[in-house]
Amino acid sequence: GDLARWLPDGRLECLGRLDDQVKVRGHRIEPGEIEAALQQYPGVERALVMVRKDPAGDHVLVAYLVTAAPISPPSLQAHLSRTLPAYMLPGHYVKLTSFPLTPNGKTDRKQLPEPWAQGLKPATVYVAPRNELEQAFSDIWQTVLAKERIGIHDDFFEQGGQSLKAIRLVAQINKRWSLGMGIIDVFSHPTVAEMADWAGTTLWLKEADKEPVMQDQEENEKIIF
């Protein structure tokens, strides 16, 4: 059926189809709203969003895209996060040259590939953490993503990360370091190396702000204690 509401002037406004709504982790989601936001991103020609069950048994949002040029998933996530809540952000992106069609010419959703199928994600050469901070971040990522090994150049989203796991990641990082980290920072720094570098700078600035400054009245010099 259709979802509608009465306007103050007595007119009936159609808000969309109830049939298209899906439920993920207790949230009712309208995939068409996500698709519309995706198609506002430069280079995205077509977008289709659906719910799929990942290998861990979690229901996640998957966005299928036909694009005119290569597009970075973290950039797309950052774009969507400006207008959509975290629970409406796709956990996986799959780029296709075209959507499979049924004999009637409609999109054949059953033929859309699973994003975690072999060969859909580019391989990344493993690079071990180079310092204690990168090691700490790698350990947290391994816990959140349920991975035995995470290299410093592995992409959070390519390793199975999605918006709900990003929320868990942010919570664990803030609990340990009180960085004031937000989910947008995961999209902006999607690798361990980038995130650890950002965190190191943030921690250094926080410590610098805590150091008291006294003014030497005679020499007019700042002395840091």
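**A three-stranded sheet and the helices packed on it**

In this predicted model, strand β5 and strand β6 (residues 59–67) run antiparallel and are joined by 9 bridges. Two of the facing pairs help to fix the register: Arg46 sits opposite Val66 of β6, and Met50 sits opposite Val62 of β6. On the β7 side things go the other way round, with β6 and β7 running parallel and sharing 5 bridges. Here Ala63 is the residue that faces Tyr93 of β7. Put together, the strands make an open sheet of 3 strands in the order β5-β6-β7, and the pairing is mixed. The edges are taken by β5 (44–53) and β7 (92–96), each of which pairs on one side only. From one strand to the next, the twist averages 25°. As a reminder of what holds such an arrangement together, strands of a sheet pair through backbone hydrogen bonds, either parallel or antiparallel.

The strand between those edges is well covered. In β6, 8 of the 9 residues are buried, so the strand is largely enclosed by the rest of the structure.

Some of the packing on this sheet comes from two helices. Helix α1 lies across β5, β6 and β7, and runs at about 145° to β5. Helix α2 packs on the sheet too, touching β5, β6 and β7, with a direction that makes about 120° with that of β7. A look at the buried side of α2 fills in the picture: Pro74, Leu76, Gln77, Ala78, His79 and Leu80 are its buried residues. These pack against α1 and the strands β5, β6 and β7, and also against α5 (183–188).

The two helices also meet each other. The axes of α1 (residues 31–38) and α2 (residues 73–81) come within 10 Å and cross at roughly 115°. The two are therefore roughly perpendicular to each other, and α1 passes α2 in a right-handed crossing. On the α1 side, the contact is made by Ile34, Ala37 and Leu38, while α2 brings in Leu76, His79 and Leu80. By residue type, that contact divides into 5 nonpolar, 1 polar and no charged. Leu76, His79 and Leu80 thus turn up twice, in the contact with α1 and among the buried residues of α2. On spacing in general, an α-helix has 3.6 residues a turn, so residues three or four places apart point the same way.

Another residue of α1 worth a look is Gly32. Gly32 is partly exposed, with a relative accessible area of 31%. Its C-alpha atom is separated by 7.9 Å from that of Leu48, although the two residues are 16 apart along the chain.

Further along the chain, Met195 belongs to helix α6 (residues 192–210). With a relative accessibility of 0%, Met195 counts as buried, and its list of partners gives a good idea of the surroundings. Setting aside neighbours within four places in sequence, Met195 is in contact with Phe137, Trp141, Leu169, Ile173, Met181, Val186 and His189. Asp185 can be placed relative to this residue as well: Met195 and Asp185 are 10 residues apart in sequence, and their C-alpha atoms are 8.0 Å apart.

Two loop residues stand out for their backbone angles. Ala146, in the loop between α3 (132–145) and α4 (163–177), has a positive phi of about 55° although it is not a glycine. Ser178, in the loop between α4 and α5, likewise has a positive phi of about 55° without being a glycine. As for accessibility, Ala146 is exposed, with a relative accessible area of 68%, whereas Ser178 counts as partly exposed at 48%.

Stepping back to the whole protein chain, the secondary structure comes to 6 helices and 9 strands. Of its 225 residues, 40% count as buried. Among contacts in the chain with a separation of 6 or more, 52% are between residues 24 or more positions apart.

Methods. Residues numbered from 1 in each chain as written. Predicted model: local features only at pLDDT ≥ 70, side-chain atom pairs only at ≥ 80, totals over all residues. Heavy atoms only, no water. Axes fitted to C-alpha atoms, helices over the stretch in contact; angles between N-to-C directions. Helix = DSSP H or I, 4+ residues; strand = E, 2+ residues; numbered from the N terminus. Parallel < 35°, antiparallel > 145°, perpendicular 65-115°, else oblique. Left-handed = near helix turned anticlockwise from the far one by under 90°. Contact = heavy atoms within 4.5 Å. Nonpolar A, V, L, I, M, F, W, Y, C, P; charged D, E, K, R; others polar. Pairing = 2+ DSSP bridges. Buried < 20%, exposed > 50% of the residue type's maximum accessible area, 1.4 Å probe, protein only.
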